[in-house]
Amino acid sequence: MTHSMTSWLTAFAVCFGGATPFVLNAQELVPPQSALLENAPVTRVSDEVASPSDTVLPAVPIATSTSNIEYAESASMEMSGAPCCDPKKVAELNKKAASAYKPLYFDNDFTYLCDPCYDGCLLGEDLKRLCVGDCGVLDIGGEYRARYHHEQNMKPFLNGVDDDFLLHRLRVFANYEVNENIRVYAEMLHAVSEFETAPPRPIDENYWEMNNFFIDGKLMETCDGAWYGRVGRQELLYGSQRLVSPLDWSNIRRTFDGVKAYYRSDALDIDGFLTRPLRKDLNEWDSSNQDQTFYGLWTTYKKSELGTIDLYWLGYENNANNAAGPFRYQTVGSRVNGEKHSILYDLEGAYQFGEFQDNDHSAGMFTIGFGHQFKEMAWKPKVMVYYDWASGDAIPRNGFDHLFPLGHAYLGWMDLFARNNIEDFNVQLTAKPCDSWTLIAWYHVFNRQDTDDVPYTVTNNPYPGTTPAGSRYLGQEIDFLAKCQLTPRSDIIFGYSHFFTGTYFQDQNAINPAVFDGDADFFWTQYSLQF
């Protein structure tokens, strides 16, 4: 704790003591242009916001970074007159060390530890690249995260309920590479909510649950890449995460049981999967939801002049005969994300068709985002302007189904609305006063897309007690965030959001006094440590 506090104070002093500003990556901290809290495009299942390079079952080096063998080799190189490690290579290795943890932990890359030029010492590195058996390598690690919430009139949506609570989450993983063709990965998660007065939300608690547990195998090599297969429990993350995400913001993470075949190369990624989402059970092991099936094909081309291009087809079926089903949806879409002539852009659209409770289902969504980063200015500010649109329908719940999204990263950090019957005009400003600090301000204006339909909560359920009558105007939200990178594997974040309730909720309150029509506030702070 003393070391973390010292690092934080040092970062703060460097930041405001005249350090040279850091060039803000075009993909920073919050998706539009990236997924939440990372700094590179999210273009495939192997990164929620990670590096564009692929990390797929590399040949397994045996030595670890702390072994006497590597130190002996390094000393031998110097004594024999071999060139020493140049500063550029050392800096590159330190960069790889800082970015070794990926949004999906089974994509973590600790191979930098096998290079004798690496001389860093980060928490948990002694548990990585451990020799097991004749040719196996084992990585052990995890993450601890704590987040405090102060919520007024918003648990879990606009309802007049106030609460203060503390969320804890521990993740522990083990990645065993049996050889260069086979590996076994396991990850457990323990999530707890404390000190609340209102009941915890479904996404707040799950006790010692197996979050990932699968076997990977190389199926076939090609001239440019290789095909792999995966069987077991696994998280899914694709593209911008607008439709498929492990939902890292929640205290638990979303996961599936099933199979996947995937191809990796420098230019092209292809994923085909057939899965069932899990049904959470606090008292027993989570099990597959036999009523629901989620499957699809996702391709990502990474070498286009336009940037990264995603093409996808997703199928989602629910056979339960309840208010939300049965339904059978097919979703086809595409995304283009990149930079051209100093203009940043993030364009995505999808069409959804099928059946909903014996009704035809036809819906759609799109996002248009453009911006610019002022690289020559102090703090390297970036401005992005977005318009998010998703269709509603006169039949309740028959609008666009957002599948398994990270809505938190796009439609406001208060998580008040789903990507269903919504129009959101929003402007985001990002700045980086120094290497350690990132600042974000984000402003949203929300309206209903279809006046014959009601607004939907982030769980894609109609707002309780509401009707289609009244204004289209739902309200405005302003979000602020400050993140400090204390060390390469620990950070602290401070956030504040306010929602200005629109005339729709005031009109609904006149019809049904149980509908809350006041403003809402949200303050939060989060600390995370990877090891």
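The largest nonpolar core of this predicted model comprises 52 residues, and the members that touch the most others are Phe294, Leu314, Phe417, Phe499 and Phe505. A second, separate core has 16 residues, among them Tyr105, Tyr185, Phe214 and Leu237. In soluble globular proteins, nonpolar side chains tend to be buried together. A nonpolar patch is nevertheless present on the surface, formed by Phe374, Met377, Val383, Val385, Phe425 and Leu429.

**Core contacts**

- Beyond its neighbours within four places in sequence, Phe294 contacts the nonpolar residues Leu236, Val244, Phe256, Phe273, Leu274, Leu314, Leu403 and Phe404, together with Thr275, Gly315 and Tyr316.
- Leu314, itself one of the core members with the most contacts to other members, is also touched by Tyr329.

**Tyr329 and its surroundings**

- Tyr329 belongs to strand 12, which spans residues 327-340.
- With a relative accessible area of 1%, Tyr329 falls under the 20% limit and therefore counts as buried.
- When residues up to four places away in sequence are set aside, Tyr329 touches Leu314, Gly315, Tyr316, Gln352, Phe353, Glu355, Phe356, His361, Arg397 and Asp401.
- The contact with Asp401 joins positions 72 residues apart in sequence, whose C-alpha atoms are 8.4 Å apart in space.
- Gly315 and Tyr316 are contacted by Tyr329 and likewise by Phe294.

**Strand pairing**

- Strand 13 (residues 343-356) pairs with strand 14 in the antiparallel sense over 13 bridges.
- Within this pairing, Tyr351 stands opposite Gly364 of strand 14.
- Two residues lie between the strands in the hairpin of strand 13 and strand 14, where Gln357 adopts a positive phi near 45°.
- Strand 14 is also joined to strand 15 by nine bridges, and these two strands run antiparallel.
- Ile368 stands opposite Tyr387, a residue of strand 15.

**Surface patch**

- The six residues Phe374, Met377, Val383, Val385, Phe425 and Leu429 together have about 470 Å² of accessible area.
- Strand 15 (382-390) and strand 16 (422-431) are the elements that each give two or more residues to this patch.
- Met377 is placed in the loop between strand 14 (359-373) and strand 15.
- Met377 counts as partly exposed because its relative accessibility of 44% lies between the 20% and 50% limits.

How values were computed
Residues are numbered from 1 along each chain as its sequence is written. This is a predicted model: local features need pLDDT of at least 70, side-chain atom pairs count only at pLDDT 80 or more; totals for chains, interfaces and linings use all residues. Side-chain values use heavy atoms; hydrogens and water are left out. A nonpolar core is a set of buried Ala, Val, Leu, Ile, Met, Phe, Trp, Tyr and Cys residues joined through side-chain atoms within 4.5 Å. Buried means under 20% relative accessible area, exposed over 50%, partly exposed in between (1.4 Å probe, protein chains only). Contact means heavy atoms within 4.5 Å. Patches are made of residues with over 30% relative accessible area and no salt bridge: like charges are joined within 9 Å, nonpolar side chains (Val, Leu, Ile, Met, Phe, Trp, Tyr) within 5 Å. Accessible areas come from the Shrake-Rupley method with a 1.4 Å probe; for residues, only the protein chains shown count as cover. A salt bridge is a side-chain nitrogen of Lys or Arg within 4 Å of a carboxyl oxygen of Asp or Glu. Helices (H or I, at least four residues) and strands (E, at least two) are DSSP runs, numbered from the N terminus. Two strands pair if DSSP finds at least two bridges between them.
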